[in-house]
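Colleague: Got a minute to go through this model with me? I'd like to talk about contacts.

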Amino acid sequence: MSQLQLAGKTALVTGSTSGIGLGIAIALAKEGANIVMNGFGDVAKPKAEIEACKVKAVHHAADVSKAQDIEEMMEFAKAQFGGIDILVNNAGIQHVAAVEDFPVDKWDAIIAINLSSAFHTTRLALPSMQKKNWGRIINIASVHGLVASVQKSAYVAAKHGIVGLTKVTALENAATGVTCNAICPGWVLTPLVQAQVDAKAKLLNLSNQEAIKQLLGEKEPSMQFTTPEELGALAVFMCSKAADNVRGVAWNMDGGWAAQ
Ligand code: NAD
């Protein structure tokens, strides 16, 4: 029998073609979980990285800003693997502007992708998890689910919202084998953050390295990026037997950001 702790389980990770979602999908796959991938861009390379862990990986291209697409993705997961045991709500986007200048379409997209999508996947995943009396829901929030920064109204609102959704989902299932927790990363050098580094470098006429140093220096006392691998390890812990009674936490991995 396999010694891998997630062998026989299926994990759906939204936004797993890139960055943190891919790191978490690989970490879960290394523990034996089959993966339902989701997200845009190149699929072949990240899919091959997951399959190298000797699990099955399938991809669904749902645009998670659309409830109908999410319903189709959940049906697809059921048809492929008979349902999902682990749900990681990770897909997210960013836009920076002052509140009075914030484009309304960007606000709507951030709330839909970073918050409402987790409501839809969760409401659709819960019944079968409750029936099996086992499930893990992990919401990738952010340190911005705990504290704010200027120019990020929609993102901060969505991330505070997903921390709230995490707590309610955890409470409603507290007497069952279904847990729900949030992970709150500080800076992670993914395409989402590289875009912010590029904007800073351009605005202040800095090199990439100088812009990174400034970005970290403003917020993150460790002066280090958190990595997708570290976040993957935390997600694996949240799926473990040892985490059976970890419920409704918003666990920051942020180099001391929120401790200040
Ligand atoms: P990323 O840009 O590398 O990856 C985002 C993923 O989401 C990609 O797979 C993309 O295709 C997918 N995605 C975007 N819009 C989508 C949509 N409408 N439908 C389906 N998929 C969509 O970003 P990342 O940095 O890995 O971010 C992942 C999550 O982590 C986000 O929720 C983000 O807010 C959060 N986060 C990131 C950081 C950081 O520093 N990078 C820090 C804290 C929290």
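Modeller: Sure. Let me start with the domain interface: domain 1 and domain 2 bury about 810 Å² between them, and 58% of that is on carbon and sulfur atoms. Keep in mind that this is a predicted model.

Colleague: Which residues of domain 1 lose the most area to domain 2?

Modeller: Those are Gln-94, Gly-186 and Asp-254, and together they make up 34% of what the domain 1 side buries.

Colleague: Where do the domains run, by the way?

Modeller: The assignment gives domain 1 as 10-186 + 227-254, and domain 2 as 188-225. Their C-alpha centres lie 25 Å apart. As for the contact, domain 1 puts in 16 residues and domain 2 eight residues.

Colleague: How many salt bridges cross that interface?

Modeller: Zero, by the rule used here. A search of the whole structure does find eight, though.

Colleague: OK, salt bridges then. What does Arg-136 pair with?

Modeller: Asp-244, with the closest N and O atoms 2.7 Å apart. Arg-136 is in strand E5 (residues 135-140), while Asp-244 is in the loop between helix H8 (228-239) and strand E7 (250-253), so the pair ties together parts that are 108 residues apart in sequence.

Colleague: Is Arg-136 buried or exposed?

Modeller: Arg-136 counts as buried, because its relative accessibility is 1% and the cut-off is under 20%. Asp-244 is partly exposed at 27%. There's also a network here: salt bridges with shared partners join Arg-136, Lys-241 and Asp-244.

Colleague: What about helix H2, which salt bridge does Glu-51 form there?

Modeller: Glu-51 pairs with Lys-47, and the closest N and O atoms are 3.0 Å apart. Both sit in helix H2, four residues apart, which means about one helical turn separates them. Glu-51 is partly exposed with a relative accessible area of 34%, and Lys-47 is partly exposed too, at 24%.

Colleague: And Glu-49, what does its side chain meet?

Modeller: Lys-45, in a salt bridge with an N to O distance of 3.9 Å. That value counts because the cut-off is within 4 Å. Glu-49 and Lys-45 are also four residues apart in helix H2 (residues 44-51), so there's about one helical turn between them. Glu-49 is partly exposed at 34%, whereas Lys-45 is exposed at 57%.

Colleague: Switching topic: how many aromatic pairs are there?

Modeller: Two. In one of them, the rings of Trp-187 and Trp-257 have centres 5.4 Å apart and planes at 45°, so the pair is tilted.

Colleague: Where do those two Trp residues sit?

Modeller: Trp-187 is in the loop between strand E6 (178-185) and helix H6 (191-204), and Trp-257 is in the segment after E7. The pair links distant parts of the chain, 70 residues apart. Trp-187 and Trp-257 are both buried.

Colleague: And the Phe-237 pair, what geometry is that?

Modeller: Phe-237 and Trp-251 are edge-to-face, 5.9 Å centre to centre with 75° between the planes. Phe-237 belongs to helix H8 and Trp-251 to strand E7, so this pair ties together parts 14 residues apart in sequence. Phe-237 is partly exposed at 30%, and Trp-251 is partly exposed at 36%.

Colleague: Last one: what sits over the ring of Trp-134?

Modeller: The charged end of Lys-9, 4.2 Å from the centre of that ring.

Note on methods: Residues numbered from 1 in each chain as written. Predicted model: local features only at pLDDT ≥ 70, side-chain atom pairs only at ≥ 80, totals over all residues. Heavy atoms only, no water. Buried < 20%, exposed > 50% of the residue type's maximum accessible area, 1.4 Å probe, protein only. Phe/Tyr/Trp six-rings, centres within 6.5 Å; stacked < 30°, edge-to-face > 60°. Lys NZ or Arg CZ within 6 Å of the ring centre and 35° of its normal. Domains from an automatic or database assignment. Contact = heavy atoms within 4.5 Å. Buried area = accessible area lost by both parts, 1.4 Å probe.
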